[in-house]
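Here is a short tour to read with the model open beside you. It goes from one strand outward to its neighbours, then to the wider fold and the other chain.

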Amino acid sequence: MEEMKEVIKDYVIKEYVEDDTEINFDTPLISGGIVDSFSMVSLKRFLENRYQISIPDDKATPDAFDSVNKIVALVNKYLK
Amino acid sequence: MAYTDKIRGIYTEILTGIKEAGLFKQERYIHSAQAADIEVEFPSGASLKKVINICANNYLGLSSHPEVVKAAHAGLDSHGYGMSSVRFICGTQDIHRKLEQMVTKFLGTEDTILFPSCMDANAGVFEAVLTKDDVMISDRLVHASIIDGIRLCSAIHDTFKHSDMEHLESKLQLHNDKRLKLVITDGVFSMDGDTAKLDKMVELCEKYDALLFVDDSHASGFIGKTGRGTHEHCGVMGKIDIITTTFGKGLGGASGGCVSGRKELVEMCRQKARPYLFSNTIAPPVVAGVIKVLEILSASTDRRDKLEKNTQFWRKGLIDAGLIIKEGDTPIVPVMLFNAKLSQDVSRDLYQEGIYAIGFFFPVVPQGQARIRTQISAGHEIHHLEKALDAFKKVGKKYEILGKTKQEIIDRYGM
């Protein structure tokens with residue numbers, strides 16, 4: 001679980017953070033303006049490839065992607 | 001429904017919020033034709049003030065060019081005022097098709113379709129050529145009209161960091177399983193004035209079998225040795241699949257836009273693009289004016305050459321004065337002030353000095369990147385630019401920002 005949190009946090013920083021903004025596991029990503037809703041698609045595809053899961057489009061909501069902790073909870077729902 | 005006090009109150013509250021946030025947009029009334037020298041009423045009811053305009057998209061100084069005005073008059077006389085129909089019913093004249101053919105030749109593409117505006121072109125093109133099996137991959141700083149068009153399209157959408165080719169390649173790899181991949185960028189970015197790396201983007205699109213879309217609204221007519229646009233500047237004429245552009249900036253400044261590119265994609269727009277299907281196209285006098293603009297620009301590069309010289313003079317003048325500008329070589333020259341209030345104060349003081357230039361701040365530009373966006377024109381003479389530089393120096397001295405670093409300005413005024 002901790003490793004998954006770090007992996008996802010590192011991905012978010014590498015993919016979306018372009019300045020020195022610091023994020024933790026509860027930082028609001030979408031409502032906080034760090035990840036725009038348009039860019040969620042690459043995060044979803046990254047999670048699906050990395051964890052060999054399929055997240056239904058209607059579950060990949062801005063709210064479900066709004067923090068590292070929420071993303072981890074979402075991934076765990078679909079892990080076999 | 002009756003427009004009750006309750007309903008009125010809802011909107012009043014929203015508008016008050018916009019004002020309190022300092023985001024309320026106020027129009028300034030120009031009483032003269034668009035040009036380097038204009039007469040402005042601001043605020044509403046104030047006496048007219050003669051100012052030098054350095055914030056118009058009138059890059060080639062053609063907005064009030066006598067030959068263009070004369071051609072528009074002639075078009076009005078020969079083809080009338082309006083069409084009272086969309087294109088495919090009875091709203092297409094010979095001059096509409098003539099203009100499409102001229103744009104095709106000018107941009108070096110296969111075919112062109114006119115739209116009422118480039119905003120409409122961008123709103124219609126993506127849904128016309130893509131489906132849910134496809135992906136759009138756009139630069140994170142593309143124009144708002146592209147964002148709107150993307151929202152109207154059923155293809156999935158992803159972004160890449162601004163002008164970051166490594167990041168773009170990673171996205172092309174990530175989405176390589178999609179039926180079609182469309183990479184989307186501005187040619188010249190309107191807020192920073194920087195230019196897309198179209199040569200690199202063409203290479204990547206060829207490597208990954210992707211299509212390339214460029215909005216060249218801030219480039220058509222003057223970027224590149226003969227003013228064809230960013231694709232000429234980058235040496236990739238004929239390799240851009242879709243170009244959208246406007247006739248509302250360098251190409252006469254009136255209105256209208258187009259999609260130009262691969263003939264099948266243009267035909268898809270003619271069959272499916274909703275702003276084309278459900279709206280009248282460009283009015284006859286404007287079509288006649290744009291035809292004259294393209295004749296002028298095809299006959300000589302004098303105007304874009306003058307614009308290039310003016311731009312070099314302006315950029316050097318600002319740097320020599322000790323102001324911070326965004327690097328580049330386009331006529332969009334942002335003077336960086338970083339603080340929103342400072343940008344408004346400087347804009348107001350410049351106006352008092354007879355210079356019309358607008359401050360931009362969040363959310364139009366990122367937080368902490370407030371600026372005065374200046375835009376140079378072939379309609380400017382050196383005396384206009386010298387006067388504007390003197391005003392910038394005077395106002396810059398007042399606020400003690402000349403020769404200061406970004407950090408020193410932020411330390412004093414905040415972000």
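## A strand in the middle

Within E10(B), Gly261(B) is the bridge partner of Ile242(B). That residue pair belongs to a five-bridge antiparallel pairing between strand E9 (residues 242–246) of chain B and E10(B). Strand E4 (residues 111–115) of chain B is also joined to E10(B) by five bridges, again running antiparallel, and here Leu114(B) sits opposite Cys258(B). Two strands count as paired if DSSP finds at least two bridges between them. Helices (H or I, at least four residues) and strands (E, at least two) are DSSP runs, numbered from the N terminus.

How enclosed is strand E10 (residues 257–261) of chain B? Five of its five residues are buried, so E10(B) is largely enclosed by the rest of the structure. Both faces are covered, with Gly257(B), Val259(B) and Gly261(B) buried on one side and Cys258(B) and Ser260(B) buried on the other. A residue is called buried if 20 or more other C-beta atoms lie within 10 Å of its own, exposed if 12 or fewer, and partly exposed in between, with C-beta atoms placed from the backbone.

## What kind of model this is

This is a predicted model: local features need pLDDT of at least 70, side-chain atom pairs count only at pLDDT 80 or more, and totals for chains, interfaces and linings use all residues. As for labels, residues are numbered from 1 along each chain as its sequence is written, while chains are lettered from A and ligands numbered from 1 in the order in which they are written.

## A four-stranded open sheet

Chain B also has an open sheet of four strands, in the order E1-E2-E3-E12, with mixed pairing. Strand E1 (29–30) and strand E12 (355–356) of chain B are the edge strands, each with a single partner, so one side of each has no neighbour in the sheet.

Walk across it from E1(B). This strand pairs with strand E2 (residues 37–41) of chain B in the antiparallel sense over two bridges, and Tyr29(B) faces Glu41(B) there. Next, four bridges join E2(B) to strand E3 (residues 49–53) of chain B, also antiparallel, with Asp37(B) opposite Ile52(B). The last step is a parallel one, with two bridges between E3(B) and E12(B). Ile52(B) turns up again at this step, standing opposite Ile355(B).

## Chain B as a whole

Zooming out, chain B holds 16 helices and 14 strands. Its radius of gyration is 22 Å, which agrees with the value near 22 Å for a compact globule of 415 residues. That radius is taken over C-alpha atoms, and the globule rule is 2.2 Å times the number of residues to the power 0.38. The C-alpha trace spans about 60 × 55 × 55 Å along its principal axes, and 47% of the 415 residues of chain B count as buried.

The domain assignment, which is automatic or from a database, gives domain 1 (28–57 + 302–413) and domain 2 (66–299) of chain B. Their centres, taken over C-alpha atoms, are 28 Å apart. Where they touch, domain 1 brings 14 residues and domain 2 brings 15; two residues are in contact if their C-beta atoms, placed from the backbone, lie within 7 Å. On the domain 1 side, helix H13 (302–320) and strand E11 (332–338) of chain B are the elements that give two or more residues.

## Helix H1 of chain B

Which way does helix H1 go, covered or hardly covered? H1(B) is hardly covered, with zero buried residues among its 16. The end C-alpha atoms of helix H1 (residues 5–20) of chain B are 22 Å apart, which agrees with the 22 Å expected for 16 residues; the expected span is 1.5 Å times one less than the number of residues. Just after H1(B), Gly22(B) has a positive phi of about 75°.

## Over to chain A

Six residues of chain A are in contact with seven residues of chain B.

In chain A, Pro56(A) lies in the loop between helix H2 (40–51) and helix H3 (68–78). Pro56(A) is exposed, with 7 other C-beta atoms within 10 Å. Its C-alpha atom is 9.8 Å from that of Lys44(A), 12 residues away along the chain.
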